[in-house]
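This report is meant to be read with the model in view. Please look over the sequence and the structure first, and then follow the sections below.

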Amino acid sequence: MFLLQKILSAIHEGTFSKRLYKYFFRRKKLYILYAPFALFHKINPKKVVFVNFGGKGFFDNPKYIAKKLHEFDSSWDFVWLVDFSHDCDLSEFPDYIKIVDMYSFSALHEYATAMFWIENTRKNYFPLKKRCQYYIQTWHGGLGPKHSEAQVVRLLEKSYVSNAKKDSALIDLCVSNTTLLTNLFRNYFWYSGEILKCGCPRNDIFFTGEEFAWVKEKIGCEKERICLYAPTFRNDYSLLHYGLDYTLLKSALEKRFGGEWGICIRLHPNFNTVVMTDLPECVCNVTSYPDVQELLCVSDCVITDYSSLIYDFMLTKRPAFIFATDLERYIQHERGLNFTLDSTPFGMAQTNEELYRNITMFDNEVYVKGVEKFMATYEMNDDGHASERVVGWIIQKMGTIR
């Protein structure tokens, strides 16, 4: 068995072979051949395999669960599967995490021997899952307005829907931070299993009290105050719907809040290869920065359109605004919304002039009350202990293996 694995791994070394290998992996061929061998692998009750956005780097919910589990017990085996075709900064990983090529027999070996799988998107392929193994799906969005999964089935490819149903059948636990997300899991994710309403692990960062000055240094924006502009993607991959006037925005921020402001723009990860030119001097492109939660921690203000990121940021009670130039088009041709944007505590604008007015007339007391009411409406329960609760669930399940 191990000799076969070594031979196949050796074949996998060449560039062409890697492409061919990945081609067959994506089409669920090679891992099927490996499945019979996986049956004979012994489960390690203290091993966990993490997959983040289908093979990307060290961020989002899996990151914070890994850190908390290592803090609880450093003797665990931590494995992170990476798709090396992505531009992934491996230096972000702590030394206690083993990095494995996602499209390799080594990855299948890790899957076969780990008691826990933790991911935040749908699986790309389906290794054999044994009865004593547990698959935790943290998803990559908490409270947010955009429709997803079965709500937008008309926009999804048949292959995605088929995989999503198969994926949901394997899941043992979904992690939620609001009644809205819990209801979405139950009604639109083809899922009927356990849901742990424990908070969003990545949001624990807002409750640490840690200073994040080093993030400003890392992104090269050391202005007194930072406004993060983070619009979501469009299906046509166009940037034309953004249309933010950075100069007018900077003027509004400095007029209302004082101080010197820098603006950071972070495009959706789907746009991470887009090159932005002719940005004003006051704007810093931080699209390639992996952990958006760290960017939120150093931001004094956030502006987005339909991204759930703003609903994470409101936990800080710092000012945030919605700038959506294509609202009607987005609802009709992109995705519907779970709630109207004018029902949120954020000032909603469709033009730069409206955004300028919302910022310069911002009332912090009214805003904070609105945030608290909004969080109460959806029973948002982030309190800095979400990762701890997931780890508690993991430890509880460890006792079930024989």
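## Strand β11 and its partners

Strand β11 and strand β12 (residues 320-323) run parallel and are joined by 3 bridges, and within this pair Ile 303 has Phe 321 of β12 as its bridge partner. Helices and strands are here DSSP runs, numbered from the N terminus, with at least four residues for a helix (H or I) and at least two for a strand (E), while two strands count as paired if DSSP finds at least two bridges between them. β11 is also joined by 3 bridges to strand β8 (residues 225-229), again in parallel, and there Cys 227 stands opposite Cys 301 of β11. Both faces of β11 are covered, with Cys 301 and Ile 303 buried on one side and Val 302 and Thr 304 buried on the other; buried means under 20% relative accessible area, exposed over 50%, and partly exposed in between, with a 1.4 Å probe and protein chains only.

The model is a predicted one, in which local features need pLDDT of at least 70 and side-chain atom pairs count only at pLDDT 80 or more, whereas totals for chains, interfaces and linings use all residues. Residues are numbered from 1 along each chain as its sequence is written, and side-chain values use heavy atoms, with hydrogens and water left out.

## Strand β9 between β8 and β10

Strand β9 (residues 261-265) is largely enclosed by the rest of the structure, because 5 of its 5 residues are buried. Trp 261, Ile 263 and Ile 265 point one way from β9, Gly 262 and Cys 264 point the other way, and all of them are buried.

β9 pairs with β8 in the parallel sense over 5 bridges, and Leu 228 has Cys 264 in β9 as its bridge partner. With strand β10 (residues 283-285), β9 is joined by 3 bridges, also running parallel, and here Ile 265 has Asn 285 of β10 as its partner.

## The seven-stranded sheet and helix α5

An open sheet of 7 strands follows the order β3-β2-β1-β4-β5-β6-β7, with parallel pairing. Its edge strands are β3 (97-101) and β7 (194-197), each of which pairs on one side only. Neighbouring strands of this sheet are turned against each other by 25 degrees on average, direction ignored; axes are lines fitted to C-alpha atoms, for helices over the stretch in contact, and angles run from 0 to 180 degrees between N-to-C directions. Within the sheet, strand β4 (residues 114-119) pairs with strand β5 (residues 134-137) in the parallel sense over 4 bridges, and Trp 117 has Tyr 135 of β5 as its bridge partner.

Helix α5 (residues 105-113) packs on this sheet and touches β1 (44-51), β2 (77-82), β3 and β4, its direction making about 110 degrees with that of β4. The helix is mostly covered, with 8 of its 9 residues buried; among them are Phe 105, Leu 108, His 109 and Tyr 111.

## Two buried residues: Ser 308 and Phe 374

Ser 308 is found in the loop between β11 (301-304) and α11 (309-313), and it counts as buried because its relative accessibility is 17%. Apart from residues up to four places away in sequence, Ser 308 touches Gly 141, Gly 142, Leu 143, Gly 144 and Arg 202, where contact means heavy atoms within 4.5 Å.

Phe 374 lies in helix α14 (residues 364-377) and counts as buried because its relative accessibility is 6%. Leaving aside neighbours within four places in sequence, Phe 374 is in contact with Leu 143, Tyr 311, Met 314, Phe 339, Ser 343, Thr 344 and Pro 345. Phe 374 and Tyr 311 are 63 residues apart in sequence, and their C-alpha atoms are 9.8 Å apart in space.

## Helices α4 and α15

Helix α4 (residues 60-72) and helix α15 (residues 386-398) pack at an angle of about 65 degrees, and their axes are 9 Å apart. On the α4 side Tyr 64, Ile 65, Lys 68, Leu 69 and Phe 72 take part, and they meet Ser 387, Glu 388, Val 390, Val 391 and Ile 395 of α15.

## The chain as a whole

The protein chain contains 15 helices and 13 strands, and 53% of its 402 residues count as buried. Of its contacts with a separation of 6 or more, 68% are between residues 24 or more positions apart.
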